[in-house]
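The following note is intended for a colleague who is meeting this structure for the first time. Its points are numbered so that each may be followed alongside the coordinates.

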Amino acid sequence: MVHPATPERRSRAPWVRMYTRRLVFSDSLAILIAVGGSHLLWFGTRRVELAGLPHAVPVEVEYLTVSVVLAVSWLIFLNVFGTRDARIVGSGLQEYARTGDATVRLFGLVAIVSLLLLVDVARGYIITAFPVGLFLILLGRWGWRQWLREKRYTGLYLVRLLIVGSPDSVMELAGELRRHAYAGYEVVGVVLTGRDDTPESIAGLGVPVFHSLGDLTAVIRETDAHVVALAGSHGLPPSAVRSISWQLERTGIELMVAPSITDIAGTRIHTRLVAGLPLIYVESPSYEGGAKVIKGLFDFSAAIVLTILLSPVLVAIAIAVKVTTRGPIFFTQERVGLGGRLFRIFKFRTMTVGAHEELMDLLAERDLAGRPLFKIRDDPRVTRLGRFLRSTSLDELPQLFNVIKGDMSLVGPRPQIAAEVALYTDEAARRLLVKPGITGLWQISGRSDLTWEEAVRLDLYYVENWSLTDDFVILFRTARVVLLRIGAH
């Protein structure tokens with residue numbers, strides 16, 4: 001009888017255990033503060049026993065014991081529900097979602113147990129411990145995530161990745177991972193399928209290239225990889241995938257499958273097992289319905305509130321523009337909005353009068369003619385006050401009037417002029433499926449430092465995947481970008 005050889009077992013990335021210990025420490029501290037603080041708040045240092053409901057069997061358990069059991073159980077639940085899994089920490093919302101789910105289930109269990117045992121647990125004690133503990137745990141996770149991302153940008157705490165696939169699929173996956181360096185994946189090797197040569201693009205990655213899946217464990221040892229990623233399905237029939245999974249058994253090396261789907265939010269992707277096949281369902285983008293109505297109502301009401309609150313700032317800037325330069329206070333320009341409809345955008349004027357007539361000469365001088373435009377670096381037409389308004393994005397505030405009129409949204413793709421829209425490809429034209437926004441993914445991802453291609457990709461991602469939750473996140477991050485004056489020209 002032939003027995004399959006047992007490959008050498010390898011450990012996960014060496015930083016995982018250390019990072020997990022740090023999460024355990026911050027979680028324990030958060031739970032201690034929440035549970036211990038709630039106990040002291042409601043019972044002080046005196047001995048208090050649980051109260052039984054009428055006609056219930058008397059209980060003789062002190063709240064101090066309850067607090068200890070609750071704290072230990074909380075830590076156990078966080079571990080059981082995989083909230084510290086190395087595959088989800090550092091990026092995405094799954095870490096936060098699992099943490100919230102584990103906490104809600106724990107307190108739900110507490111409620112069920114107290115009901116079954118006819119025990120009246122102090123409501124104030126639970127109401128205090130539950131939200132405070134969850135908030136502190138998430139705050140700790142967020143803090144460690146920021147620390148981890150900073151380390152990853154310097155080349156530390158990375159997951160070493162071996163990519164298997166065709167040249168095109170390998171380059172697509174490697175490009176996405178390098179673009180999202182905070183995710184922490186470092187490509188350390190490539191196994192090409194279906195060809196014996198190494199294309200110039202693959203060689204440009206600067207990593208070892210292999211052309212055989214025969215002894216994948218030897219390749220893993222040579223590259224010291226932690227994870228194997230299958231990029232696409234070209235050259236990888238089901239039998240090859242099964243063979244790869246067998247080679248990775250009992251090695252500690254994880255197998256990751258990267259389908260040829262990019263720029264799609266996780267909320268639109270659903271996996272279903274059918275006849276042993278993991279099928280991925282991708283929901284179509286939503287441009288109508290209740291969420292769009294709610295977004296419109298939020299935009300309108302928030303724009304009115306912001307206009308009222310910022311009215312002193314608006315008046316002060318208007319006076320400053322009028323006093324320091326001759327010409328109108330506002331700059332208006334025709335832009336292309338939802339469905340290609342034209343509207344006039346409002347901004348505080350930041351350029352000298354007649355700046356538009358000088359544009360073509362300036363573009364020719366800097367070899368920018370015929371290209372989609374953003375703000376030009378060191379534009380000589382910008383006034384001294386205008387530079388300040390642009391660097392702080394205060395010149396954008398009058399666009400609140402566009403939101404109130406219904407031409408724009410608080411969050412959306414960048415509004416552009418008709419000449420730029422005329423240069424759109426069919427792909428880029430999808431930006432017109434939603435209203436343009438005062439801010440968007442382009443605003444929090446580099447602003448004027450972005451290339452045209454990068455800006456299009458970000459806008460398309462927003463159009464395809466927008467949600468009210470993401471809008472709130474973008475608005476929050478916009479405030480940070482504006483305060484730090486990141487990428488403003």
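1. The model under discussion is predicted. The note begins at helix 12, which spans residues 384-392. Its buried residues are Gly-386, Leu-389, Arg-390, Ser-391 and Thr-392. Directly after helix 12 comes Ser-393, whose phi is positive, at about 65°.

2. As to the chain in general, it holds 17 helices and 13 strands. It has 489 residues, of which 42% count as buried. Among contacts with a separation of 6 or more, 72% are made by residues 24 or more positions apart.

3. An open sheet of five strands deserves attention next. Its strands follow the order 5-4-3-6-7, and the pairing is parallel. Strand 5 (209-210) and strand 7 (254-258) are the edge strands, each pairing on one side only. Strand 4 (residues 185-192) runs parallel to strand 5 and is joined to strand 5 by two bridges. Val-191 has Phe-210 of strand 5 opposite. Helix 5 (residues 167-179) packs on this sheet and touches strand 3 (159-165), strand 4, strand 6 (227-231) and strand 7. The direction of helix 5 makes about 155° with that of strand 3.

4. Two loops that precede strands of this sheet contain residues with positive phi. Tyr-157 is not a glycine, yet its phi is positive, at about 55°; it is found in the loop between helix 4 (123-153) and strand 3. Asp-224, also a residue other than glycine, has a positive phi near 55°. Asp-224 belongs to the loop between helix 7 (216-223) and strand 6, and counts as partly exposed at 37% relative accessibility.

5. A hairpin is formed by strand 10 and strand 11, with five residues between them. Strand 10 covers residues 330-336 and strand 11 covers residues 342-348; they pair in the antiparallel sense over seven bridges. Phe-330 has Phe-348 of strand 11 as its bridge partner. In the turn, Gly-339 shows a positive phi of about 65°.

6. The loop of this hairpin also takes part in a salt bridge. The side chain of Arg-341 meets that of Asp-407, with an N to O distance of 3.2 Å. Arg-341 lies in the loop between strand 10 and strand 11, and Asp-407 in the loop between helix 13 (399-405) and strand 12 (409-411), so the pair ties together parts that are 66 residues apart in sequence. Are the two partners buried or exposed? Asp-407 is buried, because its relative accessibility is 7% and the limit for buried is under 20%. Arg-341, at 44%, counts as partly exposed.

7. Asp-407 has a further partner, Lys-405, and here the closest N and O atoms are 3.7 Å apart. Lys-405 is exposed, with a relative accessible area of 55%. Elsewhere, salt bridges that share partners join Asp-27, Arg-84, Glu-95, Arg-141 and Arg-145 into one network. The count of salt bridges comes to 15.

8. Which residue forms a salt bridge with Lys-295? The partner is Asp-471, and the closest N and O atoms of the pair are 2.6 Å apart. Lys-295 lies in helix 9 (residues 290-309) and Asp-471 in helix 17 (residues 468-484), so the salt bridge ties together parts that are 176 residues apart in sequence. Both ends are buried: Lys-295 has a relative accessibility of 11%, and Asp-471 has a relative accessible area of 5%.

9. Helix 9 should also be examined together with helix 10 (residues 311-324). The axes of these helices come within 4 Å and cross at roughly 60°, which makes helix 9 oblique to helix 10. On the side of helix 9, the residues that meet helix 10 are Thr-307, Ile-308 and Leu-309. Their counterparts in helix 10 are Ser-311, Pro-312 and Leu-314. By class, this contact has four nonpolar residues, two polar residues and no charged residues.

Methods
Residues numbered from 1 in each chain as written. Predicted model: local features only at pLDDT ≥ 70, side-chain atom pairs only at ≥ 80, totals over all residues. Heavy atoms only, no water. Pairing = 2+ DSSP bridges. Salt bridge = Lys/Arg side-chain N within 4 Å of Asp/Glu carboxyl O. Buried < 20%, exposed > 50% of the residue type's maximum accessible area, 1.4 Å probe, protein only. Axes fitted to C-alpha atoms, helices over the stretch in contact; angles between N-to-C directions. Parallel < 35°, antiparallel > 145°, perpendicular 65-115°, else oblique. Contact = heavy atoms within 4.5 Å. Nonpolar A, V, L, I, M, F, W, Y, C, P; charged D, E, K, R; others polar.
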